[in-house]
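Work through the exercises below with the model open. Each task is followed by its solution.

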Number of protein chains: 2
Amino acid sequence: MVDVNTLPRTSLYEQLADEIARQVRMGIFRPGDRLPSVRQISSQRELSITTVLQAYHLLEDRGIIEARPQSGYYVRCQTHRSTPDPEISTPSPDPAQVTVHDLAMMVLRDASNPQLVQFGAAIPDPDLLPTKRLNQILANLARRDDLPQNYFGLPEGHEDLRIQVAQRAVSAGCTLSPDEIVITSGAMEAISLSLRAVCKPGDLVAIESPTYFGVLQTLEVQGLQVLEIPTHHQTGMSLEALRFALDNHPIRAVMAVTNFNNPLGSCMPDEHKQELAALLAGREIPLIEDDINGDLYFNGARPSVVKAYDDQGLVLLCSSFSKDLSPSYRVGWVAPGRFKNQVLRLKMATNIGTAMLPQLAIARFLSSGHYDHHLRKIRRAYAQKVTAMSQAVLEAFPEGTRVTSPLGGFVLWVQMPEQVDSLVLYKMALKAGITLVPGYIFSPNDRYRNFIRLNAAYWSPKNERALLRLGGLVARLAETA
Amino acid sequence: MVDVNTLPRTSLYEQLADEIARQVRMGIFRPGDRLPSVRQISSQRELSITTVLQAYHLLEDRGIIEARPQSGYYVRCQTHRSTPDPEISTPSPDPAQVTVHDLAMMVLRDASNPQLVQFGAAIPDPDLLPTKRLNQILANLARRDDLPQNYFGLPEGHEDLRIQVAQRAVSAGCTLSPDEIVITSGAMEAISLSLRAVCKPGDLVAIESPTYFGVLQTLEVQGLQVLEIPTHHQTGMSLEALRFALDNHPIRAVMAVTNFNNPLGSCMPDEHKQELAALLAGREIPLIEDDINGDLYFNGARPSVVKAYDDQGLVLLCSSFSKDLSPSYRVGWVAPGRFKNQVLRLKMATNIGTAMLPQLAIARFLSSGHYDHHLRKIRRAYAQKVTAMSQAVLEAFPEGTRVTSPLGGFVLWVQMPEQVDSLVLYKMALKAGITLVPGYIFSPNDRYRNFIRLNAAYWSPKNERALLRLGGLVARLAETA
């Protein structure tokens, strides 16, 4: 016989049990996680202790949670569950529908898949990062008691790091005061803030062609129009073409990677840099100059930057420590010239400032004197990897393939036979356990259908076989098409 | 007699010396800093070793640098220089010219001035932050070898933290899957990305009045128009007024701090939250809900959020760990509902992702079980401070002063006699070693001329005298005007 007085309470605890079971299914609480205490739930939900206990007992009966003496209730680890190997992701990119954003997201996701041979995202080889020393510095800083933990940090970033950046800029020909520098969360933020500082939605920006897809994403979300300027694989953006474009289009800003461009690897000669500075000065047009690879030169001296020839404050020089020290610290900087106030205002309205400890750790690493030694080491390594992989591509890929031999950075740009669709190749390569970046993503106008960018940072004899496999796939596509 | 052959070389080394001297004056190299080695300069500048040495000797003669045996050249520490006490900043705010941005920047700068009594920026009391334990966790993480240092991290942030955020959201009435959450660099970034996701420049956004100035800055740089909705100091945004506004203006989004609003301290009752969710659902209008103070309630249970009543995915719920764990870690989050893809796209195009180690340290702290204990401790402390300071304001300030008694958070909103100009008061208070936030900054329309916001986090018997001094200044202004 049913006691009607107990009905509401019964349904309450069942409701609670069902809700918790749902949270476990959704992954909010995972196997091994401790659930909130009976007392917590009781006070949060304004339910009696008895009701909560009843719900927990029901979940125990259902095998979803278990009680551990003196400790509380935990989500049960399902020991019977088979543990299949992680699947290699198999997205189905359809050239007609995939956007730069979707592709960029896939490239990033591939980069965190340890199952894949990493010829894709331009991430540095972890063996060539000073992660241990840098983290050691961070750990030591974190243990100190006298750090200013009580404030957000200023939008321009910590002075110690700005001083180090100013010192380093001297080798690129720039005399920057620490006050002219704003620390950012990586170079992407430096570029994004710079574009927002000098353009408004609808404005036209002249860019290199091909262009790094991260820049294309930023241009897209800011509602900017782009004009692609022909770019030489050795000398960079064509100044003749740019001059013509400036004469004939309402260009609001120019965006360029002047040293070891991504993906071309081009390095603009000093005379061109000087000429570009003069060209823009005459028309009061700002240049967003991305120098993220400037320290990764293989021969001779550190190349200069256009900013070194800029006496009008028109160049916003952007860089970061993601290629040489740590991608995951997310520390970069911009020297915005006459646009400093706008950049600072945008930085403040975007995220107030950059996380403090990563800034301080990098400042400490730079001032420790290890940085130059570290840079020499990775320059040598990348020079070897880039040369070897460039050669290997020529050998492994079918006739008609062209590949760059850059003098800095660590990416290769590969032009394959006309018939090869880089998205189809990307998909096939993924199935073979290799990631790469399809050419489509380097232009808003599908210009680079039969191109791919390869990351040479992971080049090693071990990965030679993967490249041979890739060459085989390209050959197959070149024949069947 | 002059040997003409030596002239160019002489002038080269003098030029170099002058340039380095200038860099020292600019602060690029500071007293005690090591200068680049002679060999480095020589290869960078393509100058002979002799020339560089001559320049360094000249700088030694001028007393600017010194050689240290076996070590190199260093900028000399000028021991004779007197070391005056740091000056308290004395900006001269002119109501007619100062913008929200300029004032916000001053408030931030004051916050890092240890000379001032911190009644200004809403920064938590450092004694109430678990800095030592959190940094300890960070240090331990940084010493581990198995961390994924080789990739940027994904735009949505680390899964461990997203799971913790989802678990915590349960107490606010929200069932969120970890997949629905995006980690950001603080709540400001969460709000900024949310606004960009749902609005385009020129759109109209309904906001509370008064509104936190950080939000006003973001609205301004995004080129958004605002409509101020009357807001009650206890129950929050007036829903009657909002309904009227929605009927009569092309409002594209609503922005509100529903729990312990900054600066009012208001907390919207559950029925209002439910009604607001329904109101917006009927018109398909998104709400950006800032819940940064939700865990800082003084009595009863954790207040819910509008998101808990949102079955349309229209609420973008934003929060961070800057008020309870660490402002300088810059870790926040957003649950963007149906706008997740847009937010993710913007996050990627803004800075790719959030720094990894601070995310992991906070995830570890949350899962350690210390978080609830910590929150109980700071809630008790803030309840005492807020109550005591509110009382002290009434006693110290002249008749006619009104002050809030919020039930959560740690700021007070003070209405002073009509004649008192809060910017004049700000300036006088700074000279007396006290910072506060003038009311002007909480509205785009100069509505709160005779209001100030006070941070109660730093309230202590020690600071009681500062408040008495402040009350004296207010009284003087009330009389003389």
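Helices (H or I, at least four residues) and strands (E, at least two) are DSSP runs, numbered from the N terminus. This is a predicted model: local features need pLDDT of at least 70, side-chain atom pairs count only at pLDDT 80 or more, and totals for chains, interfaces and linings use all residues. Residues are numbered from 1 along each chain as its sequence is written, with chains lettered from A and ligands numbered from 1 in the order in which they are written.

**Exercise 1.** Place Leu128(A) and find its contacts.

*Solution.* Start with the chain: Leu128(A) lies in the loop between β3 (117-118) and α5 (131-143) of chain A. Next, burial: 18 other C-beta atoms lie within 10 Å, so Leu128(A) is partly exposed (buried is 20 or more, exposed 12 or fewer, partly exposed in between; C-beta atoms are placed from the backbone). Then contacts (C-beta atoms, placed from the backbone, within 7 Å). Setting aside neighbours within four places in sequence, Leu128(A) touches Ile378(A) and Ala381(A). Finally, Tyr382(A) is 254 residues away in sequence, yet 9.2 Å away in space, C-alpha to C-alpha.

**Exercise 2.** Describe α7(B): its span and its burial.

*Solution.* Count first: α7(B) has 13 residues. From first C-alpha to last it reaches 19 Å, close to the 18 Å expected at 1.5 Å a residue (1.5 Å times one less than the number of residues). Now burial: 13 of the 13 residues of α7(B) are buried, so the helix is largely enclosed by the rest of the structure.

**Exercise 3.** How many residues of chain B are in contact with chain A?

*Solution.* 67 residues of chain B meet 68 of chain A. Helices that each supply at least two residues to the chain B side include α7 (186-198) and α8 (213-221).

Notes
Two residues are in contact if their C-beta atoms, placed from the backbone, lie within 7 Å.
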